[in-house]
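Biologist: I would like to learn how to read cysteines and nonpolar cores in a model. Please take me through them one at a time.

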Amino acid sequence: MEDNLMTLTTEERNPRTMDMSHMEAGEIAAVMNEEDYRCAAAVKEALPQIVNMIDTCISTISGGGRVFFIGAAHSGYLGLLDGYETNATFGTENQFIPIVAGHFSDIMKTEGGAEDSAESGKADLEAYGIDEKDYCIGLSASGRTPYPIGALTYARKCGTRTAAIINNYDTLLGRVADDVVELVAGAEVITGSTRLKAGTCMKMALNMITTVTMVKLGKVYSNLMIEVPPVSDKMRKRLLYILQQASGCTKERAKELMEETEYDIKLALLMAKKSIGLEQAIKVFEECGGDINRVI
């Protein structure tokens, strides 16, 4: 396919913002707000494809595999953010793994040309020793970035299932992916600034993918987080609140249970809901494979 950067939807000029440089701040904010409504519509249109991707993530992680988000620049940063936040929210480890072009330690010092190397995408993914149990999701607003294209091309040779989240139709990246989500919300408010609507669409899709996957893997009880790592005073207070909400017990009883279980909220919740002791709660937890939604 010919390099068609300047003909992509994400590069078109938006007729509703042609006079932006002469608008008042309030007018610009209002038109940006109006344009953002198009993001939800674009994601809704792609829901069947997003759900298919979620199902693959669930089966991948259930089968002992890993889900990789790989991209460059803003798309890569979104994958990085969601991967890290999933760890913080659900206590995961090496289940969602983000890879960003440039090997940066400081996001403001990322090597700008790193996205142009398909070979770097291959090498960065190869370092993780991927195989058929894993799932590699390439992220690219344009769908033409060499870095994730190189990564997905390599992944397919390894027998790894691949996917792509893109903000244009019929792209180079989409052609090397098994599963494709195309989130097209129209021209950006500022021409070519894909951190705006394109980025919003991608973040919405990533939110769904990681969140729904974690819910279906037993990381949520009702609509409450039950895998919050007790790493700070704020997190421990949140766990106490969650236990109270989930079980209906008093704050004092919640604190007793959390201290007895060393802030393992799943064990504490089993004890509270089933009126059992710690030893029996551990046994029930093991029998249900760690998914307490099966027993309460």
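Modeller: What follows goes from the chain as a whole to its cysteines and then to its cores. Keep in mind that this is a predicted model.

Biologist: How many helices and strands are in the chain?

Modeller: The chain has 11 helices and 7 strands. Of its 296 residues, 47% count as buried.

Biologist: How many disulfides does the structure hold?

Modeller: A disulfide is called when two cysteine sulfur atoms lie within 2.5 Å. Here the count is 0.

Biologist: Why is Cys 201 not in a bond with Cys 39?

Modeller: The two sulfurs are 3.9 Å apart, which is too far for a bond, although Cys 39 holds the closest cysteine sulfur to that of Cys 201. Cys 201 is buried, at 0% relative accessibility.

Biologist: And what about Cys 249?

Modeller: Its closest cysteine sulfur is in Cys 288, 19 Å away, so that is too far as well. Cys 249 has 18% relative accessibility and counts as buried, because the cut-off is under 20%.

Biologist: How should I read a nonpolar core?

Modeller: In soluble globular proteins, nonpolar side chains tend to be buried together. The largest core here has 30 residues, and Ile 50, Ile 137, Ile 165 and Leu 183 touch the most other members. Elements that each supply at least two of its residues include helix H1 (25–45), strand S3 (135–140) and helix H7 (197–216). A second, separate core has 26 residues, among them Met 235 and Cys 288.

Biologist: Which residues is Leu 183 in contact with, beyond its sequence neighbours within four places?

Modeller: Its contacts include Ile 50, Ile 165, Cys 201 and Met 202.

Key
Residues are numbered from 1 along each chain as its sequence is written. This is a predicted model: local features need pLDDT of at least 70, side-chain atom pairs count only at pLDDT 80 or more; totals for chains, interfaces and linings use all residues. Side-chain values use heavy atoms; hydrogens and water are left out. Buried means under 20% relative accessible area, exposed over 50%, partly exposed in between (1.4 Å probe, protein chains only). A nonpolar core is a set of buried Ala, Val, Leu, Ile, Met, Phe, Trp, Tyr and Cys residues joined through side-chain atoms within 4.5 Å. Helices (H or I, at least four residues) and strands (E, at least two) are DSSP runs, numbered from the N terminus. Contact means heavy atoms within 4.5 Å.
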